[in-house]
Amino acid sequence: MALLEIKNIRMCYHSLKTETEAIKNVSFDVNDKDFLSILGPSGCGKSTLLNIMSGLLNQSSGTVTFDGDNIRNNLDKIGYMFQKDHLFDWTSVWNNVTLGLKIKGLLNDETIARVETLLSNYELTKFKDHKPTELSGGMRQRVALIRTLALNPKILFLDEPFSALDYQTRLNICDEMFSIIKQEGKTAIMVTHDISEAVSISNRIIVLTKRPALVKKEVNISFKNNNLTPFNRRKENEFKEYFDLLWKELDDYND
């Protein structure tokens with residue numbers, strides 16, 4: 001059984017006069033330890049779908065199940081990263097990464113040790129007393145990811161997590177986040193408008209149509225060398241082949 005099952009999701013927005021269908025009939029599965037990206041034209045409902053999948057938004061119809069149970073009964077298994085890091089600049093990195101644990105009453109010797117291990121593994125221990133304003137954009141995203149991982153979620157939802165960064169930083173943090181997510185054994189679902197980003201980091205890509213969104217194509221991403229970093233994937237012949245395939249799918253909307 002798939003870890004996450006999305007079946008016949010439909011989302012409509014209502015006003016006094018009209019009904020606007022944003023998502024029409026979307027179905028697919030997410031397997032354990034997948035890194036799945038969702039691509040689609042601007043305004044097609046990618047982030048709306050992500051919010052439904054994560055239980056943040058109620059769909060008009062259809063179901064989202066986690067290990068066979070309603071996703072809303074499993075919100076403690078979910079970690080969510082937004083486009084902005086939403087760190088509190090007035091307090092330390094340590095206080096930022098432990099905030100969720102404090103709110104949930106889970107800050108204890110075991111979880112403190114876990115956070116300290118995460119900070120050590122990903123080279124942030126010496127910055128734990130710094131404030132986020134003293135960190136680079138890439139380091140801030142690393143802190144935001146560790147804050148999410150501190151609660152030990154089973155699945156991560158990433159809403160264009162690199163979009164606020166400059167190009168070079170995006171390449172670096174993409175490698176770093178991929179490494180962290182893989183090493184921690186997490187399943188990840190990412191919304192992105194960047195084809196290169198999706199091909200470099202994912203093992204599966206879902207392409208949505210323009211609004212109302214349907215699944216247009218599902219592409220499995222596989223490289224001969226399975227140990228490549230996202231940056232090094234970009235140098236391979238397979239990368240161009242996948243890019244051209246996905247570009248064609250998205251370019252059809254401009255015809």
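Here is a chat about how some labels in this predicted model are earned.

User: Before we start, what kind of model is this, and how are residues numbered?

Analyst: It's a predicted model, where local features need pLDDT of at least 70, side-chain atom pairs count only at pLDDT 80 or more, and totals for chains, interfaces and linings use all residues. Residues are numbered from 1 along each chain as its sequence is written, and side-chain values use heavy atoms, with hydrogens and water left out.

User: Okay, how many aromatic pairs does the structure hold?

Analyst: There are 6 aromatic pairs. One of them joins phenylalanine 243 and tryptophan 247, with 6.1 Å centre to centre and 15 degrees between the planes.

User: Why is the pair of phenylalanine 243 and tryptophan 247 called stacked?

Analyst: Rings of Phe, Tyr and Trp (its six-membered ring) pair if their centres lie within 6.5 Å; planes under 30 degrees apart count as stacked, over 60 as edge-to-face and the rest as tilted. The centres here are 6.1 Å apart and the planes 15 degrees apart, so this is a stacked pair.

User: Where do phenylalanine 243 and tryptophan 247 lie?

Analyst: Both are in helix H9 (residues 237-251), 4 residues apart, about one turn of the helix. Helices (H or I, at least four residues) and strands (E, at least two) are DSSP runs, numbered from the N terminus.

User: What makes phenylalanine 243 and tryptophan 247 buried, partly exposed or exposed?

Analyst: Buried means under 20% relative accessible area, exposed over 50%, and partly exposed in between (1.4 Å probe, protein chains only). Phenylalanine 243 has 24%, so it counts as partly exposed. Tryptophan 247 has 48%, so that one is partly exposed too.

User: How do you know that the charged end of lysine 128 sits over the ring of tryptophan 94?

Analyst: The rule wants NZ of Lys or CZ of Arg within 6 Å of the ring centre and within 35 degrees of the ring normal. The charged end of lysine 128 is 5.4 Å from the centre of the tryptophan 94 ring, and the pair counts as a charge over a ring.

User: How many disulfides does a search of the whole structure find, and why does cysteine 12 not count?

Analyst: The search finds 0 disulfides. A disulfide is a pair of cysteine sulfur atoms within 2.5 Å. For cysteine 12, the nearest cysteine sulfur, that of cysteine 44, is 15 Å away, so cysteine 12 is in no disulfide. Cysteine 44 is in no disulfide either, with the sulfur of cysteine 12 as its nearest, 15 Å away.

User: Are these two cysteines buried or exposed?

Analyst: Cysteine 12 has 6% relative accessibility, so it counts as buried. Cysteine 44 is at 1%, so it counts as buried as well.

User: What makes E7 and E8 a pair of strands?

Analyst: Two strands pair if DSSP finds at least two bridges between them. Strand E7 (residues 155-159) and strand E8 (residues 187-191) are joined by 5 bridges and run parallel, so they pass. Phenylalanine 157 stands opposite isoleucine 189 in E8, and Phe157 also forms one aromatic cluster with Tyr80 and Phe82.

User: Which open sheet has mixed pairing, and why are its end strands called edges?

Analyst: That's the sheet of 6 strands in the order E6-E7-E8-E3-E9-E10. Strand E6 (78-81) and strand E10 (215-220) are its edge strands, as each pairs on one side only.

User: And what is the pairing of the sheet with 4 strands?

Analyst: It's antiparallel, in the order E2-E1-E4-E5, and this sheet is open. Its edge strands are strand E2 (19-30) and E5. E4 and strand E5 (residues 69-70) share 2 bridges, and aspartate 67 in their hairpin takes a positive phi near 50 degrees.

User: Last one: why is asparagine 74 called buried, and what is it in contact with?

Analyst: Its relative accessible area is 8%, so asparagine 74 is buried. Asparagine 74 has its place in the loop between E5 and E6. Contact means heavy atoms within 4.5 Å. Leaving aside neighbours within four places in sequence, asparagine 74 is in contact with Phe66 and Asp69.
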